[in-house]
Amino acid sequence: MRKKFIAGNWKMFTNAAGAEKLAAEVVKGFGPETRITIAVCPPFPYLERVAVVLRGSQVELGAQNLYPEKEGAFTGEVSPAMLLDVGCRHVILGHSERRHKLGETDAFINRKVHAALSAGLHVILCVGETLAEREANQTEKVLDTQLTNGLSGVSAEALSRLVLAYEPVWAIGTGRNATPEQAQEAHAFLRRRVGDRCGPKAAQNLLIQYGGSVKPDNARSLLTQPDVDGALVGGASLQAGSFLDIARAVL
Ligand code: PEP
């Protein structure tokens, strides 16, 4: 039985006071709930403040990116060890905004995956097709390429610290979510491909989140699909009420 995992990606939003307030509201609303895993991923400058607010709660901390080196002359970058140092458990890698707005390649993302896993972080690896790719019937090909390249060299054992997030680019921040059937189809495909690569046990245990305009009113229909194991939530995670309503939809 896979435990559902709801993570909030705050992107480049909030400020210091707002981040603390939002984290405190999530902690209060979530309480001692242990049936699902919940995490928030604030911007780098607020990670430490939010870590203090989350301390002693069930809500876990994640970052939105890292640089795949231990340390060095990489001005402006943040290492896996730094994230662990401020209390992060998770890191989001391969988000479509980084792929498409910042030009990150599968090869670079793969380096980040290795750096995160070998440092001891848990990875949320995002994959997803653009609208043009979907309309050209390329969805499976794109997912397969991103998956194969993103996970290149990652062992079946290390996969236990990795979550996939299927995030169709056309659904992110657009208000247009994938239908439950579209999500299920993509998730089942990803699970099958992980099975081909790493064996049935790894595939069976792998969590696959859906991301792309998840809101309280569509969460239940998406999250009750058999291969949808949670959600990566952007916009709706910036209000504790909507984020918690999404989490409650799976209880
Ligand atoms: C995201 O940022 O990963 C995301 C899915 O955003 P939104 O929920 O706003 O579509």
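## Helix packing and ligand surroundings in a predicted model

The axes of helix α1 (residues 16-30) and helix α11 come within 9 Å of each other and cross at roughly 35 degrees, and the crossing of these two helices is right-handed. This description, like everything that follows, rests on a predicted model. On the α1 side the contact is formed by L22, E25, V26, G29 and F30, which meet A240, F243, L244 and R248 of α11. Sorted by class, the residues joining α1 to α11 are six nonpolar, one polar and two charged.

Helix α11 (residues 240-248) also packs against helix α10 (residues 216-223), at an angle of about 25 degrees and with the two axes 8 Å apart. Because angles under 35 degrees count as roughly parallel, α10 and α11 are therefore described as roughly parallel to each other. Here too the crossing, of α10 past α11, is right-handed. The residues that meet are P216, A219 and L223 from α10, and S242, D245 and I246 from α11. In terms of class, this contact of α10 with α11 has four nonpolar residues, one polar residue and one charged residue.

A further helix pair is formed by α5 (residues 106-119) and α7 (residues 139-150), whose axes come within 8 Å and cross at roughly 45 degrees. That angle makes α5 oblique to α7, and the crossing of the pair is right-handed. From α5, the residues D106, N110 and V113 take part in the contact, while α7 contributes T145, Q146, N149 and G150. The class composition of the contact between α5 and α7 is one nonpolar, five polar and one charged residues.

The three helix pairs are set out below.

| Helix pair | Axis distance | Angle |
|---|---|---|
| α1 and α11 | within 9 Å | roughly 35 degrees |
| α10 and α11 | 8 Å | about 25 degrees |
| α5 and α7 | within 8 Å | roughly 45 degrees |

Turning to a single residue, R134 is found in helix α6 (residues 131-135). Its side chain makes a polar contact with the side chain of Y166, at 3.2 Å. When neighbours within four places in sequence are left aside, R134 is in contact with E129, T139, Y166, W170 and Q182, so that Y166 appears both in this list of contacts and as the polar partner of R134.

The ligand has 14 residues around it, of which K11, E167, G173, S213 and G235 come nearest. For S213, a polar backbone atom is 2.8 Å from an oxygen atom of the ligand. A polar backbone atom of G234 is likewise placed 2.8 Å from an oxygen atom of the ligand. With H95 the approach is made by a side chain, one of whose polar atoms lies 2.8 Å from an oxygen atom of the ligand.

Note on methods
Residues numbered from 1 in each chain as written. Predicted model: local features only at pLDDT ≥ 70, side-chain atom pairs only at ≥ 80, totals over all residues. Heavy atoms only, no water. Axes fitted to C-alpha atoms, helices over the stretch in contact; angles between N-to-C directions. Helix = DSSP H or I, 4+ residues; strand = E, 2+ residues; numbered from the N terminus. Parallel < 35°, antiparallel > 145°, perpendicular 65-115°, else oblique. Left-handed = near helix turned anticlockwise from the far one by under 90°. Contact = heavy atoms within 4.5 Å. Nonpolar A, V, L, I, M, F, W, Y, C, P; charged D, E, K, R; others polar. Near = heavy atom within 4 Å. Polar contact = N/O pair within 3.5 Å; in protein donor to acceptor, adjacent residues only side chain to side chain.
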